[in-house]
Amino acid sequence: MFDTRELGRRPGALKRISRSVAAPKDLGIEVIGVPEGATVELDLRLESVMEGVLVTGTARAPLTGECVRCLEPLERELEADFQEMYSYPDADDRSRDADTGDDAEEEDRLFLEADLFDLEPVLRDAVVLALPLQPVCREDCPGLCAECGARLADDPDHHHDAADIRWAALQGLAETMRDGEKDNAPRERGDDPQEK
C-alpha cells in the first residue's frame, strides 16, 4: 500500500517515490517469472488530478525460468512500465451525476482507500504483459533432439542413422537400386555372351 496524503488533492501536485518491495507469489507465467520474495525496484510518479491520483511508474525485477527449446535454466532482468488512475472515493458520486453508461469501465476502476492505493494488481498486470511468451537461452538455441532428447547446443553434429519409418520402404528400394547398378555396370568388350 502506498500513501498519497502528502500529495493532497490539489490538481497538479506531484510526488516521486522510489521503493524496493518483495515480489508477491505467482508473479509470472508457467515458464518464466519473478521469484517470490525477490526484490522489485519501483520508481513511481504520483500526480494529483481532478478525479484522483495518476500513478506512472517503472518496475525492475529479476526473472528466472527455463528455455522453451532446450529446458536449460535462464535468468533475465525485466523492466516494465505502467500507468494507472486511482480515483477518489467521492469521484464515484460525481461520475454518477454525469453517467457515461459504460459499466465495463466502471468495473475496472481502482479507488483510493483512506488515501492509500494497492499497487499489486497493476504491478502484476504490467509484469506479466512484459514477460517473453517463449523465453530462450539464446536466439539461435537449437533445442533438444526429437528422438533422444540430447541438448543439440552441446553436440552440434548430433544425429541418428535410423531413418524415418515413413521412408523405410524407399530406403530399401534405394539400396536395391544401388546393388542393381553394380550388376548392370558396363562390361568390358567381349564379356557379353550374346556377342559371340
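In this predicted model, among the contacts between residues at least 6 apart in sequence, 60% join residues at least 24 apart. The chain behind that figure has 196 residues, of which 27% count as buried, and its accessible surface comes to about 13,600 Å², with 48% of that surface belonging to carbon and sulfur atoms. The secondary structure comprises 4 helices and 9 strands, and, read from the N terminus, the elements follow the order β-β-β-β-β-β-β-α-α-β-β-α-α.

A convenient place to begin is strand 5, which has a covered face made of Val40, Leu42, Leu44, Leu46 and Ser48, and an uncovered face made of Thr39, Glu41, Asp43, Arg45 and Glu47. Strand 5 pairs with strand 2 (residues 14-22) in the antiparallel sense over 9 bridges, and within this pairing Ser20 has Glu41 of strand 5 as its bridge partner. Strand 5 also pairs with strand 6, again in the antiparallel sense, over 8 bridges, where Leu46 stands opposite Val55 of strand 6, and a hairpin of 3 residues leads from strand 5 to strand 6.

From strand 6 the reader can move on to strand 7, since 15 bridges join these two strands, which run antiparallel; one of the pairs is Pro62 with its bridge partner Glu77 in strand 7. Strand 6 and strand 7 form a hairpin with 6 residues between them, and in its turn Leu71 has a positive phi of about 65°. Strand 7 is joined in turn to strand 8 by 2 bridges, but here the strands run parallel, and Tyr86 has Leu110 of strand 8 as its bridge partner.

Helix 3 comes next. In this helix, which spans residues 120-130, Val122, Leu123, Ala126 and Val127 are buried. These residues lie on the same side of helix 3, because they cover an arc of only 125° around its axis. An α-helix has 3.6 residues a turn, so residues three or four places apart point the same way. The cover over the buried residues of helix 3 includes strand 3 (27-28), strand 4 (32-34), strand 5 (39-48), strand 6 (52-66), strand 7 (73-87) and strand 8 (110-111).

What do these elements contribute to the interior? The largest nonpolar core has 36 residues, and those with the most contacts inside it are Val34, Leu42, Leu44, Val55, Phe82 and Leu119. Strand 4, strand 5, strand 6, strand 7 and helix 3 each supply at least two residues of this core. In soluble globular proteins, nonpolar side chains tend to be buried together. Phe82 gives a detailed view of such surroundings: leaving aside its neighbours within four places in sequence, Phe82 is in contact with Leu42, Leu44, Val55, Thr56, Gly57, Thr58, Ala59, Leu119, Val122, Leu123 and Ala126.

One residue of strand 5 deserves a separate look, namely Ser48, which belongs to the covered face of that strand. Is Ser48 buried or exposed? Ser48 counts as buried because its relative accessible area is 1%, and the cut-off for being buried is under 20%. When residues up to four places away in sequence are not counted, Ser48 touches Leu7, Gly8, Arg9, Arg10, Pro11, Gly12, Ala13 and Tyr88.

Terms used
Residues numbered from 1 in each chain as written. Predicted model: local features only at pLDDT ≥ 70, side-chain atom pairs only at ≥ 80, totals over all residues. Heavy atoms only, no water. Buried < 20%, exposed > 50% of the residue type's maximum accessible area, 1.4 Å probe, protein only. Arc of directions from axis to C-beta. Contact = heavy atoms within 4.5 Å. Areas by Shrake-Rupley, 256 points an atom, 1.4 Å probe, with all protein chains shown as cover. Pairing = 2+ DSSP bridges. Core = buried A, V, L, I, M, F, W, Y, C linked by side-chain atoms within 4.5 Å.
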